[in-house]
Amino acid sequence: MVSNITKFIKYVCVQDAVYWAPLGLDGYGSMRYEQPRTIKCRWTDTTKTIMDNNGSLIVCKAEILVTEDLQVNGMLYLGDLDQLTEEQRNNPLLLDEAYTIKRVDKVPLFRSTDEFVRTVYL
(Lines give C-alpha, C1' and ligand atoms only; values in the text may rest on other atoms or scores of the structure.)
Protein backbone atom coordinates (compact mmCIF):
# COMPACT_ATOMS: atom_id res chain seq x y z
CA MET A 1 0.00 0.00 0.00
CA VAL A 2 1.35 3.42 -0.97
CA SER A 3 1.17 6.04 1.78
CA ASN A 4 -0.38 9.47 1.39
CA ILE A 5 3.05 11.07 1.83
CA THR A 6 4.45 9.05 -1.09
CA LYS A 7 1.44 10.02 -3.20
CA PHE A 8 1.99 13.68 -2.22
CA ILE A 9 5.69 13.54 -3.16
CA LYS A 10 4.82 12.12 -6.59
CA TYR A 11 2.10 14.76 -6.94
CA VAL A 12 4.46 17.70 -6.27
CA CYS A 13 7.37 16.32 -8.32
CA VAL A 14 6.15 17.79 -11.62
CA GLN A 15 9.37 19.34 -12.92
CA ASP A 16 11.68 17.55 -15.35
CA ALA A 17 15.37 17.26 -14.60
CA VAL A 18 18.15 15.48 -16.45
CA TYR A 19 20.25 13.13 -14.29
CA TRP A 20 23.70 11.77 -15.07
CA ALA A 21 24.68 8.97 -12.65
CA PRO A 22 28.39 8.87 -11.80
CA LEU A 23 30.48 5.94 -13.08
CA GLY A 24 33.73 6.84 -11.33
CA LEU A 25 36.92 8.57 -12.33
CA ASP A 26 38.64 8.09 -15.65
CA GLY A 27 42.41 7.65 -15.89
CA TYR A 28 42.93 11.42 -15.75
CA GLY A 29 40.96 12.21 -12.58
CA SER A 30 37.75 13.38 -14.30
CA MET A 31 34.33 11.93 -13.45
CA ARG A 32 32.65 9.70 -16.03
CA TYR A 33 28.85 9.53 -16.26
CA GLU A 34 26.16 7.14 -17.46
CA GLN A 35 23.90 8.19 -20.29
CA PRO A 36 21.52 10.92 -19.05
CA ARG A 37 17.86 10.30 -18.33
CA THR A 38 14.90 12.47 -17.41
CA ILE A 39 13.53 12.23 -13.86
CA LYS A 40 10.69 13.99 -12.02
CA CYS A 41 11.54 16.36 -9.18
CA ARG A 42 10.56 19.39 -7.13
CA TRP A 43 13.48 21.83 -7.58
CA THR A 44 13.85 24.66 -5.06
CA ASP A 45 16.56 27.23 -5.69
CA THR A 46 17.95 28.10 -2.29
CA THR A 47 21.23 29.04 -0.69
CA LYS A 48 22.02 27.27 2.53
CA THR A 49 24.99 25.86 4.35
CA ILE A 50 24.94 22.10 4.76
CA MET A 51 27.37 19.40 5.79
CA ASP A 52 28.50 17.10 2.97
CA ASN A 53 29.13 13.37 3.35
CA ASN A 54 32.73 14.09 4.38
CA GLY A 55 31.67 16.33 7.27
CA SER A 56 32.71 19.58 5.57
CA LEU A 57 30.44 22.63 5.56
CA ILE A 58 29.47 23.63 2.02
CA VAL A 59 27.03 26.06 0.44
CA CYS A 60 24.38 24.44 -1.72
CA LYS A 61 22.55 26.11 -4.62
CA ALA A 62 19.38 24.01 -4.63
CA GLU A 63 17.37 21.51 -2.61
CA ILE A 64 15.54 18.95 -4.74
CA LEU A 65 12.85 16.48 -3.77
CA VAL A 66 13.06 13.34 -5.96
CA THR A 67 11.10 10.12 -6.29
CA GLU A 68 14.05 7.76 -6.71
CA ASP A 69 17.55 7.16 -5.41
CA LEU A 70 20.27 9.40 -6.88
CA GLN A 71 24.00 9.34 -6.15
CA VAL A 72 26.47 11.86 -4.76
CA ASN A 73 28.73 13.15 -7.58
CA GLY A 74 25.96 12.63 -10.12
CA MET A 75 24.85 15.69 -12.10
CA LEU A 76 21.43 17.36 -12.36
CA TYR A 77 20.07 19.87 -14.85
CA LEU A 78 16.62 21.44 -14.51
CA GLY A 79 15.04 20.83 -17.89
CA ASP A 80 14.46 18.11 -20.46
CA LEU A 81 16.79 15.99 -22.56
CA ASP A 82 15.25 17.47 -25.71
CA GLN A 83 16.73 20.87 -24.77
CA LEU A 84 20.29 19.52 -24.88
CA THR A 85 22.67 19.03 -27.77
CA GLU A 86 24.34 15.66 -28.29
CA GLU A 87 27.60 17.10 -26.91
CA GLN A 88 25.83 18.33 -23.76
CA ARG A 89 24.13 14.95 -23.29
CA ASN A 90 27.52 13.26 -23.46
CA ASN A 91 29.23 15.76 -21.16
CA PRO A 92 27.16 17.58 -18.51
CA LEU A 93 30.18 19.73 -17.64
CA LEU A 94 29.48 21.70 -20.84
CA LEU A 95 26.28 23.04 -19.22
CA ASP A 96 26.60 26.04 -16.89
CA GLU A 97 23.24 25.07 -15.34
CA ALA A 98 24.15 21.42 -14.58
CA TYR A 99 25.27 20.93 -10.99
CA THR A 100 27.01 18.18 -9.03
CA ILE A 101 25.00 16.42 -6.32
CA LYS A 102 26.83 17.15 -3.08
CA ARG A 103 24.60 15.33 -0.59
CA VAL A 104 21.72 12.85 -0.65
CA ASP A 105 19.27 12.40 2.22
CA LYS A 106 17.03 9.34 2.30
CA VAL A 107 14.66 9.21 5.27
CA PRO A 108 12.23 6.33 5.79
CA LEU A 109 8.62 7.22 6.36
CA PHE A 110 7.27 6.64 9.85
CA ARG A 111 6.49 2.93 10.31
CA SER A 112 7.80 2.03 6.87
CA THR A 113 10.79 0.06 5.65
CA ASP A 114 10.25 0.54 1.92
CA GLU A 115 9.00 4.12 1.45
CA PHE A 116 11.34 7.09 1.69
CA VAL A 117 11.57 10.85 1.36
CA ARG A 118 14.58 11.60 -0.86
CA THR A 119 16.24 15.02 -0.98
CA VAL A 120 19.38 15.93 -2.90
CA TYR A 121 21.50 19.06 -2.48
CA LEU A 122 23.54 20.73 -5.23
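**Salt bridges and strand pairing**

In this predicted model, Asp69 and Lys106 form a salt bridge, with their closest N and O atoms 3.0 Å apart. Asp69 sits in the loop between strand S5 (57–66) and strand S6 (75–78), while Lys106 belongs to strand S8 (residues 103–108), so this contact ties together parts that are 37 residues apart in sequence. Both partners can be reached from outside to some degree: Asp69 is partly exposed, with a relative accessible area of 45%, and Lys106 is also partly exposed, at 39%.

Asp69 has a further partner. Its side chain meets that of Arg118 in a salt bridge, at 2.5 Å from N to O. Here the loop between S5 and S6 is linked to strand S9 (residues 116–121), where Arg118 lies, so the pair ties together parts that are 49 residues apart in sequence. Arg118 has a relative accessibility of 15% and counts as buried, because the cut-off for that class is under 20%. Through these shared partners, Asp69, Lys106 and Arg118 are joined into one network of salt bridges. For a reader following along in the structure, Asp69 is a handy place to begin, as it takes part in the salt bridge with Lys106 and in the one with Arg118.

The count for the model comes to six salt bridges. Among them is the pair formed by Lys40 and Asp16, whose closest N and O atoms are 2.8 Å apart. Lys40 is found in strand S4 (residues 37–51) and Asp16 in strand S1 (residues 15–20), so the contact ties together parts that are 24 residues apart in sequence. Lys40 is partly exposed, with a relative accessible area of 38%; Asp16 is partly exposed as well, at 26%.

Strand pairing adds another set of links, and strand S1, which holds Asp16, is involved here too. S1 pairs with S6 in the antiparallel sense, over four bridges. Within this pairing, Trp20 has Met75 of S6 as its bridge partner. S6 is also joined to strand S7 (residues 98–100) by three bridges, and these two strands likewise run antiparallel. On this side of S6, Leu76 has Tyr99 of S7 as its bridge partner. S6 therefore has antiparallel bridges to S1 and to S7. The loop that carries Asp69 lies between S5 and this same strand S6.

How values were computed. Residues are numbered from 1 along each chain as its sequence is written. This is a predicted model: local features need pLDDT of at least 70, side-chain atom pairs count only at pLDDT 80 or more; totals for chains, interfaces and linings use all residues. Side-chain values use heavy atoms; hydrogens and water are left out. A salt bridge is a side-chain nitrogen of Lys or Arg within 4 Å of a carboxyl oxygen of Asp or Glu. Buried means under 20% relative accessible area, exposed over 50%, partly exposed in between (1.4 Å probe, protein chains only).
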